[in-house]
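I opened the notebook to look up a fold, its sheet and its cores. The entries below follow the order in which I checked things.

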Amino acid sequence: MTHVPAGGKGSGFREGFGFLKAWLRQPKSVGSVWPTSAPMARRMAGVIDLSSGLPVLEVGPGTGTITKAILDAGLPHDRLWALEYSHEFAARLKAKHPKAHVIEGDAFELARSLGAGRPKLFDSAISGLPLLNFPVAVRVSFVEQVLDLLPQGRPLIQFSYGPKSPVPPGLGRYKVRRVGMVLRNIPPAQLWVFTRE
């Protein structure tokens, strides 16, 4: 059953159609024909430790389904840093969440994209990037860059449509584990957590 956002059936289809158009224009950077489902977004936002007082990093927020779940979990808007490659998606998110730090930039050059004013540490990171569309070395570099910004042991959570981890174990200073599968998503997705112990 397809999730229909609170805004009503029409708004859900508009969002999905907008996502489909973006996928048709840039299939490599969008990666899916339909936005992340609300159940999966809530599962991913569940890694956040609100008591840490640290900001949260969201990478590849797209239409903002996971962004909404993060904020609904209780994170103050000004503690959310969202990095989006698409100009169109970034502009929409900025308009919808003006108090959040929405940045248009390249996630594979994380420090440069976030800028000198970024926090030194984030509590956790939530990624909606279509990592399987990129070479393995690029994926490994992305995970390492994100974990450099997290306290030891804190997670980067990533979803993937493949049966194996989108970033293979043993190629860097990280550990990876599967934390579940979400069937209520189009298509069903696996959830993976990366940490540095």
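Definition first: I call a residue buried under 20% relative accessible area, exposed over 50%, and partly exposed in between. The model is predicted.

**Entry: His77**

I began with a single residue. Is His77 buried or exposed? Neither: His77 has 33% relative accessibility, so it counts as partly exposed. I found His77 in the loop between H4 and S2. I then listed its contacts, leaving out residues up to four places away in sequence: His77 touches Leu71, His97, Lys99 and Ala100. I also checked Pro98. His77 and Pro98 lie 21 residues apart in sequence, and their C-alpha atoms are 8.4 Å apart.

**Entry: overall make-up**

I counted seven helices and seven strands in the protein. From the N terminus, I read the order as α-α-α-β-α-β-α-β-α-β-α-β-β-β. Of the 197 residues, 50% are buried. The exposed area is about 9600 Å², and carbon and sulfur atoms supply 58% of it. I also looked at contacts between residues at least 6 apart in sequence: 65% of these join residues at least 24 apart.

**Entry: the sheet**

In what order do the seven strands of the open sheet lie? I traced S3-S2-S1-S4-S5-S7-S6, with mixed pairing. S3 (101-104) and S6 (175-182) are the edge strands, each pairing on one side only. Neighbouring strands are turned by 20° against each other on average, direction ignored.

I went through some of the pairs. S6 and S7 run antiparallel and are joined by seven bridges. In S7, Ala189 stands opposite Val182. On the S3 side, helix H5 (residues 87-96) lies across S2 and S3 and runs at about 165° to S3.

**Entry: strand S1**

S1 took a separate look. S1 pairs with S2 in the parallel sense over four bridges. Here Val56 stands opposite Leu80 in S2. Between these two strands the chain passes through helix H4 (residues 65-72), and I noted the β-α-β crossover as right-handed. S1 also pairs with S4 (residues 125-127), in the parallel sense over three bridges. There Val59 stands opposite Ser127 in S4.

Which residues of S1 are buried on each side? I found Val56 and Glu58 buried on one side, and Leu57 and Val59 buried on the other, with both faces covered. I recalled the general rule that side chains in a regular strand alternate between the two faces of the sheet.

**Entry: the cores**

I looked next for nonpolar cores. The largest has 26 residues, and Leu57, Leu114, Phe142, Val143 and Leu156 have the most contacts inside it. At least two residues of this core come from each of S1 (56-59), S2 (80-84), H6 (110-114), H7 (136-147) and S7 (189-195). H7 gives the largest share, five residues.

Another core, of 24 residues, lies apart from it; among its members are Val56, Leu80, Ala189 and Leu191. Val56 and Leu80 I had already noted as standing opposite each other.

What does Leu114 touch, not counting residues up to four places away in sequence? My list reads Leu57, Trp81, Leu83, Ile103, Phe122 and Leu149. One general note closes the entry: in soluble globular proteins, nonpolar side chains tend to be buried together.

Definitions and conventions. Residues are numbered from 1 along each chain as its sequence is written. This is a predicted model: local features need pLDDT of at least 70, side-chain atom pairs count only at pLDDT 80 or more; totals for chains, interfaces and linings use all residues. Side-chain values use heavy atoms; hydrogens and water are left out. Buried means under 20% relative accessible area, exposed over 50%, partly exposed in between (1.4 Å probe, protein chains only). Contact means heavy atoms within 4.5 Å. Accessible areas come from the Shrake-Rupley method with a 1.4 Å probe; for residues, only the protein chains shown count as cover. A nonpolar core is a set of buried Ala, Val, Leu, Ile, Met, Phe, Trp, Tyr and Cys residues joined through side-chain atoms within 4.5 Å. Two strands pair if DSSP finds at least two bridges between them. A crossover is right-handed if, with the strands pointing away from the viewer, the path from the first strand over the helix to the second runs clockwise. Axes are lines fitted to C-alpha atoms, for helices over the stretch in contact, and angles run from 0 to 180 degrees between N-to-C directions.
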